[in-house]
Amino acid sequence: MVDLRAQYEKIGPEIDAAIKSVLGSTAFIKGPDVKLFEEELQDYMGVKHVISCANGTDALYLAMMALGLKPGDEVITTNFTFIATIEAVALLGLKPVIVDPDPKTFNISVNEVKKAITPRTKVIVPVHLFGQCADMESLIEIALKHNLFIIEDGAQATGADYIFRDGTVKKAGTIGHIGTTSFFPSKNLGCYGDGGALYTNDDVYDRKLRSIANHGMKVRYHYDDIGINSRLDTIQAAILRVKLRYLSQFNAARRAVADQYDEAFAGCYSVTIPERAVYSSHIFHQYTLRIKNGKRDELKKFLDSNNIPSMIYYPGPLHLQEAYRNLGYNESDFPVTTALCKEVLSLPMHPDMEQEQVDHIVRKVLEFFDK
Ligand SMILES: Cc1ncc(COP(=O)(O)O)c(C=O)c1O
């Protein structure tokens, strides 16, 4: 699905030099590269503060902690996402309220959010799924009307642009009160281990987030907040500084592959190509087709037998996971998520795909439907 080796072969000397320099300095925790990476990512994202942390799950956890929420407060998010999005909510004793996504963009449905609001709702967590922004402007309208926080889960969309109706452009993750991201190796901006970050334009949240990511400590050995230990280590920061320089180029390369997939499959009656929303650029963390007529699993097997990897993101809705049974949802509560889980298939997608590979994948998918 991704080819981290091919990428390393291209930028290897720069990565090796970055790692070596940290080894030489022995500043493994909070070394200079961490601050430099935060500053460089701030510039790239056009945001006032970047707070690095240990991974994207912690970033969500820290964001919820910083908002001072109370047990039982409700947090609305999408049913069609990676489990981390609701883990933080549940761990903090908040109540995850999950809603169906829009069937075309796969992102949280604005209408379903409206229906889910109660007097206990405090936060909306849009996930910019597969590399495309959720409909932020409509969500902001809801949030303003009901006095809610917005935490953007931008783990899959580092570098995607949101385009407001007046033409203003902002990066995914920098629009809500706090945004989060993950640097898991396969992400669009991935390190060589675990890593994550938070974004905010608010000085108060910035101070709070830095404190709780560091044991609640603003002044050494004085603890103002109950915190955790969540740090991006210096080696990962040094690697990310190198990879950030290539991010725009890598995202453009993904888009070029997606353009070819789109063109090849647009006329294929049995598949629906991913919708590109007018209000967002798409950086194709995943290229995800909907396969009609119950043929998804058969297509996956056919691709497997031709040595073409493919993945199902996501095979099961959140509301049916054993750990979240206590939320009390019924099996039939989320028809869109349930349908998507049966129909979606993600094809190989990364910036280092050779033309031959793209052609081969396209040929085999079309061959399957011609049979
Ligand atoms: C949408 C989403 N949110 C959160 C995360 C969690 O990130 P991490 O794996 O860095 O904890 C991921 C990563 O897989 C993700 O895809």
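Q: Ala, Val, Leu, Ile, Met, Phe, Trp, Tyr, Cys and Pro count as nonpolar, Asp, Glu, Lys and Arg as charged, and the others, Gly among them, as polar; how many residues of each class are in the lining of the second largest pocket?
A: This is a predicted model, in which local features need pLDDT of at least 70 and side-chain atom pairs count only at pLDDT 80 or more, while totals for chains, interfaces and linings use all residues. Residues are numbered from 1 along each chain as its sequence is written, and side-chain values use heavy atoms, with hydrogens and water left out. A pocket is an open set of points on a 1 Å grid over the protein atoms alone, with protein on both sides within 12 Å along at least five of seven lines; a cavity is a set where a 1.4 Å probe fits but cannot get out, and lining residues have an atom within 4 Å of a point. Sorted by class, the lining of the second largest pocket has six nonpolar, five polar and six charged residues.

Q: Which element gives the most to the lining of the second largest pocket?
A: The second largest pocket has about 380 Å³ of space, and among its 17 lining residues Lys30, Val34, Glu38, Ser52 and Arg210 lie nearest its centre. Two elements give two or more residues to this lining, α2 (32-45) and β1 (49-53), where helices (H or I, at least four residues) and strands (E, at least two) are DSSP runs. With five residues, the element that gives the most is α2.

Q: Where does the ligand sit?
A: The largest pocket holds about 610 Å³ of space and is lined by 33 residues, with Phe82, Gln156, Phe184, Lys187 and Tyr314 nearest its centre. Its lining has 16 nonpolar, 13 polar and four charged residues. A molecule sits in a pocket if more than half of its atoms lie within 2 Å of the grid points. By that rule, the ligand sits in the largest pocket.

Q: Which element supplies the largest share of the shell around the ligand?
A: The 15 residues around the ligand (a heavy atom within 4 Å) include Gly56, Thr57, Asp153, Ser182 and Lys187, which come nearest. The shell has five nonpolar, eight polar and two charged residues. Both α3 (56-66) and α4 (84-91) supply at least two residues each. The largest share, three residues, comes from α3.

Q: How much of the accessible area of the ligand does the protein cover?
A: Three polar contacts (pairs of N or O atoms within 3.5 Å) may be described here. Thr57 has a side-chain N or O atom 2.5 Å from an oxygen atom of the ligand, and Asp153 has one 2.7 Å from a nitrogen atom of the ligand. A polar side-chain atom of Lys187 is 2.9 Å from a ligand oxygen atom. Of the 380 Å² that the ligand has on its own (Shrake-Rupley method, 1.4 Å probe), the protein covers 91%.

Q: How much space lies in the largest cavity?
A: Two cavities of 30 Å³ or more are present in the structure. The largest cavity has 14 lining residues, of which Leu4, Gln7, Lys187, Arg254 and Pro351 lie nearest its centre, and the elements that give two or more residues to this lining are α1 (4-25) and α9 (247-265). Five of the lining residues are nonpolar, four polar and five charged. A volume is the space filled by probe spheres set on the grid points, and for the largest cavity this is about 80 Å³.

Notes:
Polar contact = N/O pair within 3.5 Å; in protein donor to acceptor, adjacent residues only side chain to side chain. Nonpolar A, V, L, I, M, F, W, Y, C, P; charged D, E, K, R; others polar.
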